[in-house]
Amino acid sequence: MPEVSTESRAVRAPGGDLTLSWAAVTHTGRRRDVNQDAVFAGFPLFVVADGMGGHLGGEIASASTIARLRAVVEEGTVTPQTIERALTRAVKDIASHPETTDDGTGTTLTGVFLDETADDPHWVTLNIGDSRVYLVREDQIVQVTTDHSVVQELVAAGRLSPEEAENHPYGNVITRAVGPSEGVTPDYVRIDVADGDRFVICSDGLTKELTDYGIKHFLRENVDPADAVRAMLDAALENGGRDNISIIVLDVETAEGVAARAADEADEGDDAESDDDAAEADESADAGEAAVAADDAATAARPDDPAES
């Protein structure tokens, strides 16, 4: 089992400070010989790539794409424009590599980044292919990204139900990827920053083995991102592990949310202390009443004083 740990970072933002915590893992699974997935999790960008094409082609495609995106983070500015320039370079890297001779060589790419260039920092998801970004907010899980796949197009056209899509023979056929063509542009979705949000970024090796409800269950049961990642990976492997599995869990806390929770905890502590004081007062009153009752009983049992002579 790969080692998984939680990383955290405090972020100063115009709209309020944030604390981000995340954990990431990638695993070959139980049935594949090579892991063609690649992962990058480093503020402000969190992405998963799932390679395809030939024995080594997919691994090269995903690794090349992640390497170009890591360079964007190291240079300091992550925007849709810098991401798309990096993907153009990645396509050239893939095409020029001596071991990517398969015309179908390429990779999916999905993830989320914090756009700090705007006056109001916000999250932006990006997606090419059928890897996914989920958001859990207020105990509801939503798939933010839309799969670029044959079955998703059939579902959108009303020719296939979501249940039928799960076991469709074309389930692995995607309609957009980084690599097979020169031009590639992700789909983007803007998401406001909210306290308590949890993002799950994953390859289809996870979603083949766990339903949305299953993902939500393991998130609810595991507060720490590393624990959540390990729990989902274990469950996916237990359910078959038919593909490479990559998972990132990213948690968001705002300064306002942290302060509100601290105030609530203080109020609960005051309430508990008040309850304890009231209980002690009740116990003292009961003890006093018991003492009075005991004195009365003793007086009643005492013989009458002798009459004066």
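Me: How much area does the protein chain expose, and what share of it do carbon and sulfur atoms supply?
Reply: This is a predicted model, where local features need pLDDT of at least 70, side-chain atom pairs count only at pLDDT 80 or more, and totals for chains, interfaces and linings use all residues. Residues are numbered from 1 along each chain as its sequence is written, and side-chain values use heavy atoms, without hydrogens and water. Accessible areas follow the Shrake-Rupley method with a 1.4 Å probe; for residues, only the protein chains shown count as cover. The protein chain exposes about 16,200 Å², and the carbon and sulfur share is 46%.

Me: What share of the protein chain is buried?
Reply: Buried means under 20% relative accessible area (1.4 Å probe, protein chains only). The protein chain has 309 residues, and the buried share is 45%.

Me: How many helices and strands does the protein chain have?
Reply: Both are DSSP runs, numbered from the N terminus: helices are H or I with at least four residues, strands E with at least two. The count is eight helices and 12 strands.

Me: Which strands are at the edges of the open sheet of six strands?
Reply: Two strands pair if DSSP finds at least two bridges between them. The order is β1-β2-β12-β11-β8-β9, with antiparallel pairing. Each edge strand pairs on one side only: these are β1 (7-11) and β9 (140-143).

Me: Which residue in β11 stands opposite Arg 132?
Reply: Strands β8 (residues 132-137) and β11 (residues 198-202) pair in the antiparallel sense over five bridges. Opposite Arg 132 stands Cys 202.

Methods. Buried < 20%, exposed > 50% of the residue type's maximum accessible area, 1.4 Å probe, protein only.
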